[in-house]
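Work through the exercises below with the model open. Each task is followed by a worked solution.

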Amino acid sequence: MAVLPRDEVSTPSSLAPKYLGNPVVNGFESQAKIPIFILHKRENKMNYDLIVIGGGAAGFFGAIQTAERSPNAKILILEKSQKVLSKVKISGGGRCNVTHSCFDPKEMTAYYPRGNKELRGPFHRFLCGDMMGWLEDNGVETKIEDDGRVFPISNSSQTIIDCFQKNCNKHGIEIKLGNGVTSLSYENELWNIKTKENDFQTTSILLATGSTPSVWNLLKEMGHKIIEPVPSLFTFNIQHHLIKPLPGISVPDANVKILDTKYEDNGPLLITHWGVSGPAILKLSAWAARELNEKDYKFQIEINWLNETEENLRDNLSAIRKASGNRLLRNFQLIYFPKRLWHGMLENLKLMDKNYASLTKQDIDGLINILCKCKFTVNGKSTFKDEFVTCGGIDTKEVNFKTMESKLHPNLFFAGEVLNIDAVTGGFNFQAAWTTSFIAAEEIATQILTH
Ligand SMILES: Cc1cc2nc3c(=O)[nH]c(=O)nc-3n(C[C@H](O)[C@H](O)[C@H](O)COP(=O)(O)OP(=O)(O)OC[C@H]3O[C@@H](n4cnc5c(N)ncnc54)[C@H](O)[C@@H]3O)c2cc1C
């Protein structure tokens, strides 16, 4: 039997009433300001067809999908905290970027630095359009934004939470809060699950505990290999006089290279108070998550601010020098660019009062370099508040992606971020949770029905 270290065991709440923001009823946040009394007593061993460990995105969707296929199944969700779906609640800045408008399985896998090969088959069975369809069938209308991200039309993550709550009620799925699982053991074709409060028995487990170190330790004791977790989806900290006065300035399509590595990416880039952010940076942080961790987040980047070739810029510059040589650089931009960034570059190069005709070769080289090969030293990372995930988790080689079942233990299924799967920002991380829990649910339901 694998057991969690004592300090990882979740503490039960006292008998005092709880006012945790809005009160929580059966794990769901309620609007009414009433005290909730949560009683904890050890109950006799309870038997289930499926116990889902972890009341997050993957856990809820897996439980509901199983119940839809196997209506008489006895299903329980065990959640260690006093609230379910907390990440869904804060996701996408409170709007929940629930998936992405990508409808081709192969194309979809390109967004996953970890898990791209493994997800190809599963995406053929359940992809973004399927999730949008399921939501619509369950009363949640979605919309696709210009960059492909999909949100509930309400712009509120609560709509998704309400939808899951309604489905749990409809299917009689039980939820127990404050039940952090501390040990798992398998005997006589049944799983025994212990929390500090209770003992449970179940035929199948869907483990969907996200990036929780204590559960990974538990799985390690059970023989599973855990790929060391490191953060993904972060922004780069830079202290530099060029960008320091420019927070809020963005460019639509920059190319960013991490020097001395193979990593480079394109996309919108935003200057922040701490350095640089935006899709180009977040994508790089995901692809290079492990290498940047090894570098202790100290490295150099090179920004091509408009993803423009040096040759094109030199040609443009020659043309302007011929046609409008007497124009001051500060009044006439070489390329379409945020004016404050352009002026910052000119000040940096001491070219504010020069006209195009008077530029020396050194001035021209300086201008081309700052536009195409602008180097910065990155010293540290910051959290991107709209979305972050962990790179690392259960080694995917030990999981059967046709069923999401462990290759080491029978009737132990995995879904979501607990696996060594993660994606760039844009709704892809949730889609991995929906897809893996859907696949697991199909298999679990089949087993329940044939039992
Ligand atoms: C701020 C933020 C914003 C995000 N926004 C987006 C977004 O807009 N779009 C997107 O695609 N992705 C987003 N993500 C990523 C996304 O939230 C995760 O990929 C997703 O929640 C993973 O789902 P999960 O069910 O695997 O894990 P989680 O949602 O983390 O759920 C795991 C649950 O298991 C519980 N648990 C842990 N240990 C135990 C235990 N021992 N016993 C019982 N329960 C346990 C936890 O308390 C938790 O409730 C965001 C992440 C963050 C942090």
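**Exercise 1. Classify Asp253 by burial and place it among its neighbours.**

Start with the count. Asp253 has 15 C-beta neighbours inside 10 Å, so it counts as partly exposed. The cut-offs are these: buried means 20 or more other C-beta atoms within 10 Å of the residue's own, exposed means 12 or fewer, and partly exposed lies in between, with C-beta atoms placed from the backbone.

Two remarks on the source. The model is predicted: local features need pLDDT of at least 70, side-chain atom pairs count only at pLDDT 80 or more, and totals for chains, interfaces and linings use all residues. Residues are numbered from 1 along each chain as its sequence is written.

Next, locate the residue. Asp253 sits in strand 15. Helices (H or I, at least four residues) and strands (E, at least two) are DSSP runs, numbered from the N terminus.

Now list the contacts. Leaving out residues up to four places away in sequence, Asp253 touches Asn266, Gly267, Pro268, Leu306 and Asn307. Contact requires C-beta atoms, placed from the backbone, within 7 Å.

Last, check one distance. The C-alpha atoms of Asp253 and Pro279 are 9.6 Å apart, with these positions 26 residues apart along the chain.

**Exercise 2. Trace the open sheet that contains strand 15.**

First, write the order. Seven strands run 19-18-15-16-17-14-20, with antiparallel pairing. Strands pair if DSSP finds at least two bridges between them.

Then find the edges. Strand 19 (374–379) and strand 20 (381–383) each pair on one side only. The twist averages 40 degrees from one strand to the next. Axes are lines fitted to C-alpha atoms, for helices over the stretch in contact, and angles run from 0 to 180 degrees between N-to-C directions.

Zoom in on one pair. Strand 16 (residues 264–271) and strand 17 (residues 275–277) are antiparallel and joined by two bridges. Ile271 has Val276 as its bridge partner in strand 17.

Finally, add the helix. Helix 8 (residues 279–287) lies across strand 14 (234–237), strand 15 (250–258), strand 16 and strand 17. Its angle to strand 16 is about 130 degrees.

**Exercise 3. Follow the chain through strands 10, 11 and 12.**

Take the turn between strands 10 and 11. Strand 10 and strand 11 form a hairpin with two residues between them. Six bridges join these antiparallel strands. Glu187 stands opposite Leu190 in strand 11.

Look at the turn itself. Asn188 lies in the loop between strand 10 (181–187) and strand 11 (190–195). Its phi is near 45 degrees, a positive value in a residue other than glycine. Asn188 is exposed, with 6 other C-beta atoms within 10 Å.

Move on to strand 12. Three residues link strand 11 to strand 12 in a hairpin. Strand 11 and strand 12 (residues 199–207) pair in the antiparallel sense over four bridges. Asn192 is opposite Gln201 in strand 12.

Then split strand 11 by face. Trp191, Ile193 and Thr195 are on the covered face. Leu190, Asn192 and Lys194 are on the uncovered face.

**Exercise 4. Explain where the largest nonpolar core lies relative to the domains.**

Begin with the assignment. Domain 1 covers 2–230 + 387–450, and domain 2 covers 234–383. These bounds come from an automatic or database domain assignment. The domain centres, taken over C-alpha atoms, are 41 Å apart. Seven residues from domain 1 and 10 residues from domain 2 make the contact.

Now take the core. It holds 116 residues, of which Ile51, Leu206 and Phe413 touch the most other members. A nonpolar core is a set of buried Ala, Val, Leu, Ile, Met, Phe, Trp, Tyr and Cys residues joined through C-beta atoms within 7 Å. Helix 13 (residues 428–450) gives the most, with 11 residues. Both domains give residues to this core, so the core lies between them.

Inspect one hub. Beyond its neighbours within four places in sequence, Phe413 is in contact with residues including Leu206, Met404, Ala440 and Ile444.

**Exercise 5. Describe the shell around the ligand.**

Count first. The ligand is surrounded by 37 residues, and the closest are Gly54, Gly56, Gly92, Gly210 and Gly416. Here, near means a C-beta atom, placed from the backbone, within 6 Å.

Then assign elements. Helix 1 (57–69), helix 2 (86–94) and helix 13 each give two or more residues to this shell. Helix 2 gives the largest share, five residues.

Technical notes:
Two residues are in contact if their C-beta atoms, placed from the backbone, lie within 7 Å.
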